[in-house]
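Okay, thanks for coming, everyone. I'll just walk you through this one, so have a look at the screen.

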Amino acid sequence: MSIRPGVRLGIDVGTVRIGVARTDPGGLLALPVETVHRAPDGSEIERIVALAKEYGAIEIIVGLPRHLKGSEGVSAKAARKYGKRLKKLLPKVRVALVDERLSSNQAHDRLRAAGRSERSHRDVVDQVAAQIILEHALEMERIGACPPGEELFGSDGKDNQ
């Protein structure tokens, strides 16, 4: 099945750092971009908006950290809230939530397999987790033949696209 062309951003929302990854314009490969440090006033979102504009993103995939049994806790609520903020700032960009259970563990495993020491993980693990979230979303689209995840809508309840 073919995938929609266009760059997507993957976001791994944490309390201290936000990992950002992107796809190539064909939507085939996911690549780490950067780690954005959270600001007390939430102004770091401006950097993510700037990245979305810089890459001409058609979609932002926000990782939704569910518990192993599928329920949602405080971190999931925070990811939903962050996704809604992004949608408000980028009304023409599709923003969707994708289950990211164990993406951080997978990111650490990937870094260890690449020969990175545990101490050097902090700078890039959030980017790799965002990359894994994005890879999962791309695979969901390939298999399901439709855009992945739970789409977030604007405050008027419409897609705004």
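How much space lies in the largest pocket? About 210 Å³. And before I go on, keep in mind that this is a predicted model.

So who sits around that pocket? There are 12 lining residues, and the ones closest to the centre are Val-13, Gly-14, Thr-15, Pro-65 and Ser-75. Two elements give two or more residues to the lining: strand E1, which is 8-13, and helix H2, which is 74-89. H2 makes the largest contribution, with 3 residues. As for chemistry, the lining splits into 4 nonpolar, 4 polar and 4 charged residues.

Okay, on to the sheet. Quick reminder for anyone new to this: strands of a sheet pair through backbone hydrogen bonds, either parallel or antiparallel. Here we've got an open sheet of 6 strands, and if you read across, the order is E3-E2-E1-E4-E5-E6, with mixed pairing. Which strands stand at the edges? Those are E3, residues 30-37, and E6, residues 150-152. Each has a single partner strand, so one side of each is left without a neighbour in the sheet. Neighbouring strands are turned against each other by 25 degrees on average, if you ignore direction.

Let's zoom in on one edge. Strand E2, that's 17-23, pairs with E3 in the antiparallel sense, over 7 bridges. If you want a spot to click on, find Val-20, which stands opposite Glu-34 in E3.

Now the helices on the sheet. H2, our pocket helix, packs on the sheet and touches E1, E2, E4 at 59-64, E5 at 94-99, and E6. The direction of H2 makes about 165 degrees with that of E4. Then there's helix H4, residues 125-144, which packs on the sheet too, touching E1, E2, E3, E4 and E5. For H4, the angle is with E2, and its direction makes about 45 degrees with that strand's.

Last thing, salt bridges. How many does a search of the whole structure find? It finds 11. One I'd like to show you is Arg-4 with Glu-141, where the closest N and O atoms are 2.8 Å apart. This pair links distant parts of the chain: Arg-4 is in the segment before E1, Glu-141 is in helix H4, and they are 137 residues apart.

That's my tour, thanks!

Conventions: Residues numbered from 1 in each chain as written. Predicted model: local features only at pLDDT ≥ 70, side-chain atom pairs only at ≥ 80, totals over all residues. Heavy atoms only, no water. 1 Å grid on protein atoms, 1.4 Å probe; cavity = no way out; pocket = protein on both sides within 12 Å on 5 of 7 lines; lining within 4 Å. Points joined across faces, edges and corners; volume = space filled by probe spheres on them. Helix = DSSP H or I, 4+ residues; strand = E, 2+ residues; numbered from the N terminus. Nonpolar A, V, L, I, M, F, W, Y, C, P; charged D, E, K, R; others polar. Pairing = 2+ DSSP bridges. Axes fitted to C-alpha atoms, helices over the stretch in contact; angles between N-to-C directions. Contact = heavy atoms within 4.5 Å. Salt bridge = Lys/Arg side-chain N within 4 Å of Asp/Glu carboxyl O.
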